[in-house]
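Biologist: I would like to go through this model and hear the reasoning behind each label. Please keep the answers short.

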Amino acid sequence: MPAAFTSKTTSRRQFLTLLGISAAAVSCGTATANGGSGSGKQITALKYQGAVGAVTLPELAADLGFLGGLTLDWVGNTISGPQDIQSAATGQTHFGGAFNGAVVKLAAGKAPVKAVISYYGSDKETNLGYYVLEDSPIRSARDLIGKKVGMNTLGAHAQALLDIYLGRGGLSRADSAKVEALVVPPVNTEQALRQKQIEVGVLSGVLRDKAVAAGGIRPLFSDFDLLGAFSGGTYVMTQRFIKENPDTVRTFTTGVGKAIEWSRTTPREQVIARMTEIVKKRGRNEDTSTLQYWRSYGVAAPAGRIDEKEFQLWIDWLGDRGEVKKGQLKAADLFTNEFNGNGKG
């Protein structure tokens with residue numbers, strides 16, 4: 001097994017450590033994020049992390065002119081959703097995005113953050129697929145007992161959906177524990193699957209499209225198959241930042257919501273062309289070829305409005321796993337649609 005593959009125990013511990021920040025760290029960092037503002041002047045330059053070769057919704061919103069007088073201050077690229085929201089919680093950035101289950105974990109750790117808008121999800125066009133080799137004998141959840149499933153990180157979206165699939169397939173908790181989830185870098189997943197180092201590979205986006213086009217693999221299931229269209233991740237800000245910068249938060253959230261709807265209603269070729277132009281203009285020597293595979297952001301609700309069930313699902317899942325205390329959190333307390341000026345329709 002390549003060194004990049006880590007054990008379930010080690011990777012899960014690293015994930016939980018990443019989210020296990022102290023309230024003191026959050027309090028200290030947030031003051032930096034707010035610039036120590038006590039004058040009533042609201043922040044208008046938002047620090048954030050991007051993604052290599054991709055265009056985030058805030059970046060698209062800014063380019064379309066939907067952020068009004070706000071500017072985005074890129075401080076680097078994120079390595080994962082949990083890392084991104086940790087940066088927001090500790091004040092290194094003003095907002096960060098991650099899988100809603102990771103947001104639940106952060107809130108359970110007493111980090112005073114709140115989700116303000118959904119930014120990714122799964123739909124018919126864009127989803128997370130679990131793939132096996134064409135000639136694999138794996139056809140059902142029970143066939144996964146004793147098998148290895150490669151995914152980008154543990155304790156997050158990919159593992160949550162695997163657990164749901166196993167549960168719906170009738171596996172007991174003891175049998176589900178025999179399905180081994182491994183961390184495999186997304187760029188290595190197809191190769192690991194074809195070389196039979198893993199029996200199932202979790203693929204999405206361009207990596208999935210390229211793997212499928214090469215042939216020899218087939219889908220076992222997808223998160224869309226299990227849950228239908230749903231928003232899977234949200235942008236969060238600290239409660240202090242929201243309180244001190246309400247107009248900024250409203251402009252940001254409403255602008256990102258407009259960008260979501262623009263991407264839905266604009267011909268795909270035009271969206272891709274706009275994204276390609278954005279990446280080229282920022283001059284970071286990035287490959288734009290993968291943008292050709294963009295299909296949608298997958299956000300379920302209009303303008304990224306957040307539905308309570310999109311948090312309750314993960315509160316229940318984490319509670320069943322013993323990773324958050326049952327009854328500790330209320331889904332409605334973890335998010336707000338107050339600043340999304342796009343309405344419900």
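Biologist: What makes Lys 326 count as exposed or buried?

Modeller: This is a predicted model, so every value is computed from it. Lys 326 has 61% relative accessibility. Exposed means over 50%. Lys 326 therefore counts as exposed.

Biologist: What makes the pair of Lys 326 and Asp 320 a salt bridge?

Modeller: The closest N and O atoms of Lys 326 and Asp 320 are 3.2 Å apart. The cut-off is within 4 Å, so the pair qualifies. Asp 320 has a relative accessible area of 41%. That value falls between the limits of 20% and 50%, so Asp 320 is called partly exposed. The structure holds 17 salt bridges.

Biologist: Which residues form salt bridges with Asp 209?

Modeller: Arg 208 is one partner, with the closest N and O atoms 3.6 Å apart. Arg 295 is another, at 3.4 Å. Both distances are within 4 Å, so both pairs count.

Biologist: Why is the pair of Arg 295 and Asp 209 said to link distant parts of the chain?

Modeller: Arg 295 lies in the loop between H13 and H14, while Asp 209 lies in helix H9 (residues 205-214). They are 86 residues apart.

Biologist: How do you know whether Asp 209 and Arg 295 are buried or exposed?

Modeller: Asp 209 has a relative accessible area of 12%. Buried means under 20%, so Asp 209 is buried. Arg 208 is buried as well. Arg 295 has 35%, which makes it partly exposed. Salt bridges with shared partners join Glu 125, Arg 208, Asp 209 and Arg 295 into one network.

Biologist: Why is Arg 305 said to have no salt bridge?

Modeller: The nearest side chain of opposite charge is Asp 307, and it is 9.3 Å away. A salt bridge needs a distance within 4 Å, so this pair fails. Arg 305 is nevertheless buried. It sits in the loop between helix H13 (268-282) and helix H14 (309-320).

Biologist: What lies 3.3 Å from a polar atom of the Arg 305 side chain?

Modeller: The backbone oxygen of Asn 340 does. The limit for a polar contact is 3.5 Å, so this distance fits within it.

Biologist: What is notable about the phi of Ala 303?

Modeller: Phi of Ala 303 is positive, about 55°, although the residue is not a glycine. Most residues other than glycine have a negative phi. Ala 303 is also found in the loop between H13 and H14. Its relative accessibility is 3%; the limit for buried is under 20%, so Ala 303 counts as buried.

Biologist: Where is Lys 110, and what is its phi?

Modeller: Lys 110 is in the loop between helix H5 (100-108) and strand E4 (113-122). Its phi is near 75°, a positive value in a residue other than glycine. Its relative accessible area is 58%, over the 50% limit, so Lys 110 is exposed. Lys 196, just after H8, takes a positive phi of about 60°.

Biologist: Why are the buried residues of H8 said to be on the same side?

Modeller: The buried residues of helix H8 (residues 186-194) are Thr 189, Ala 192 and Leu 193. They cover an arc of only 95° around the axis, which puts them on the same side of H8. An α-helix has 3.6 residues a turn, so residues three or four places apart point the same way. Among the elements that cover these residues are strand E5 (129-133) and strand E9 (217-222).

Biologist: What makes Ala 88 buried?

Modeller: Ala 88 has a relative accessible area of 3%, under the 20% limit, so it is buried. Its place is in helix H4 (residues 81-89). Ala 88 touches Thr 93, Phe 95, Gly 96, Val 236 and Thr 238, leaving aside residues up to four places away in sequence.

Biologist: Which residues of the largest nonpolar core touch the most other members?

Modeller: In this core of 53 residues they are Val 104, Tyr 130, Leu 144, Leu 162, Phe 311 and Trp 314. Helix H6 (residues 157-168) gives the largest share, seven residues. A second, separate core has 34 residues, including Ala 61 and Ile 242.

Notes. Residues numbered from 1 in each chain as written. Predicted model: local features only at pLDDT ≥ 70, side-chain atom pairs only at ≥ 80, totals over all residues. Heavy atoms only, no water. Helix = DSSP H or I, 4+ residues; strand = E, 2+ residues; numbered from the N terminus. Buried < 20%, exposed > 50% of the residue type's maximum accessible area, 1.4 Å probe, protein only. Lys, Arg positive; Asp, Glu negative; His and termini not counted. Polar contact = N/O pair within 3.5 Å; in protein donor to acceptor, adjacent residues only side chain to side chain. Arc of directions from axis to C-beta. Contact = heavy atoms within 4.5 Å. Core = buried A, V, L, I, M, F, W, Y, C linked by side-chain atoms within 4.5 Å.
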